[in-house]
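Here are my notes on the model, set out as numbered points. Please read them with the structure open.

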Amino acid sequence: MRMVEDDREGLIMAYERITRMASNNAVVVFSVSTCCMCHVVKRLLLGLGVGPTVYELDQERGGREIQAVLSQLLSASPVMSGPHGVVPVVFIGGKLLGGVDKVMSCHINGSLVPLLKQAGALWL
C-alpha cells in the first residue's frame, strides 16, 4: 500500500514540476535526446525563429515520472506512443498544445505562428 502512495506522490510532484517548467517560458518542449520526432519539432520551432526551452527527459532527474504524467495529460494510448513514449510534448504560453501531430497540424493550418505570437515567442 505504501508503494502505491509513494508512486502517487511522485506523480503529483512531477505534475507540479511540469506546471512550473511550462509556465516559466513562452515555449517549452519536453523531449528525449534520441527521438527523431522531437528533433523535428525542435527544428521546426527554431526555423520559425522561436528559441524553445527544451527539457531532455532522458537527461532530467525524474524524467520517467514526467513522461508518465505527460502521457496522462495527453491521454495517450500505447498506439499513440512511440519508442520514446509520448514525446515530444509542447507547451505554448504555459498551455499544453500537444505532441508532434498537433504541432504539425497547427503549422500546416496556419495557427501555430499566431499561437507563438500570442505567447510572446515571436514578435514579427
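Which residue takes a positive phi in the hairpin of strand 3 and strand 4?

1. The hairpin. The residue is Gly93, with a positive phi near 60°. Two residues lie between the strands of this hairpin. Most residues other than glycine have a negative phi, and most peptide bonds are trans. Bear in mind that this is a predicted model. Strand 3 covers residues 89-92 and strand 4 covers residues 95-98. The two run antiparallel and are joined by three bridges. One pairing to look at is Phe91, whose bridge partner in strand 4 is Leu96.

2. The cis peptide. Check the bond between Val87 and Pro88. The model makes this peptide bond cis, with omega at about 0°. Pro88 sits in the loop between helix 3 and strand 3.

3. Overall layout. The protein has 124 residues, and 34% of them count as buried. Five helices and four strands are present. Read from the N terminus, the order of elements is α-β-α-β-α-β-β-α-α. Take the contacts between residues at least 6 apart in sequence: 64% of them join residues at least 24 apart.

4. The sheet. Four strands make an open sheet, in the order 2-1-3-4. The pairing is mixed. Strand 2 (53-56) and strand 4 are the edge strands, and each pairs on one side only. From one strand to the next, the twist averages 25°. Strand 1 and strand 2 are parallel, with four bridges between them. Within that pair, Phe30 has Tyr55 of strand 2 as its bridge partner.

5. Helices on the sheet. Helix 2 lies across three strands: strand 1, strand 2 and strand 3. Its direction is at about 160° to strand 1. Helix 4 also packs on the sheet, where it touches strand 3 and strand 4. The direction of helix 4 makes about 85° with that of strand 4.

6. Helix 2 against helix 4. Two packed helices are described by the angle between their axes and the distance between the axes. Here helix 2 (residues 36-47) and helix 4 (residues 100-109) have axes that come within 10 Å and cross at roughly 30°. The crossing is left-handed. Helix 2 contributes Met37, Val40, Val41 and Leu44 to the contact, and helix 4 contributes Val100, Val103, Met104 and His107. By class, this contact holds seven nonpolar residues, one polar residue and no charged residues.

7. The largest core. In soluble globular proteins, nonpolar side chains tend to be buried together. The largest nonpolar core in this model has 18 residues. Those that touch the most other members are Ile18, Phe30, Ile66, Leu70 and Phe91. Two or more residues come from each of helix 1 (2-23), strand 1 (27-31), helix 3 (63-74) and strand 3. Helix 1 gives the most, with four residues. Ile66 shows how the pieces meet. Beyond its neighbours within four places in sequence, Ile66 is in contact with Ala14, Arg17, Ile18, Met21, Phe30 and Leu57.

8. A separate core. Another core, of 15 residues, lies apart from the largest one. Its members include Val41, Ile92, Leu97 and Ala121. Val41 also takes part in the contact of helix 2 with helix 4.

9. Leu73. Is this residue of helix 3 buried, exposed or partly exposed? Leu73 is partly exposed, because its relative accessible area is 33%, and buried would require under 20%. With sequence neighbours within four places left aside, Leu73 is in contact with Tyr15, Phe91 and Leu96. Note the link between Phe91 and Leu96: they are bridge partners. The C-alpha atoms of Leu73 and Gly98 are 9.1 Å apart, with their places 25 residues apart in sequence as the separation.

10. Glu56. This residue belongs to strand 2, one of the edge strands. Why does Glu56 count as buried? Its relative accessibility is 16%, and the cut-off for buried is under 20%. Outside its neighbours within four places in sequence, Glu56 is in contact with Ser31, Val32, Ser33 and Lys42.

Methods
Residues numbered from 1 in each chain as written. Predicted model: local features only at pLDDT ≥ 70, side-chain atom pairs only at ≥ 80, totals over all residues. Heavy atoms only, no water. Pairing = 2+ DSSP bridges. Core = buried A, V, L, I, M, F, W, Y, C linked by side-chain atoms within 4.5 Å. Buried < 20%, exposed > 50% of the residue type's maximum accessible area, 1.4 Å probe, protein only. Contact = heavy atoms within 4.5 Å. Axes fitted to C-alpha atoms, helices over the stretch in contact; angles between N-to-C directions. Left-handed = near helix turned anticlockwise from the far one by under 90°. Nonpolar A, V, L, I, M, F, W, Y, C, P; charged D, E, K, R; others polar.
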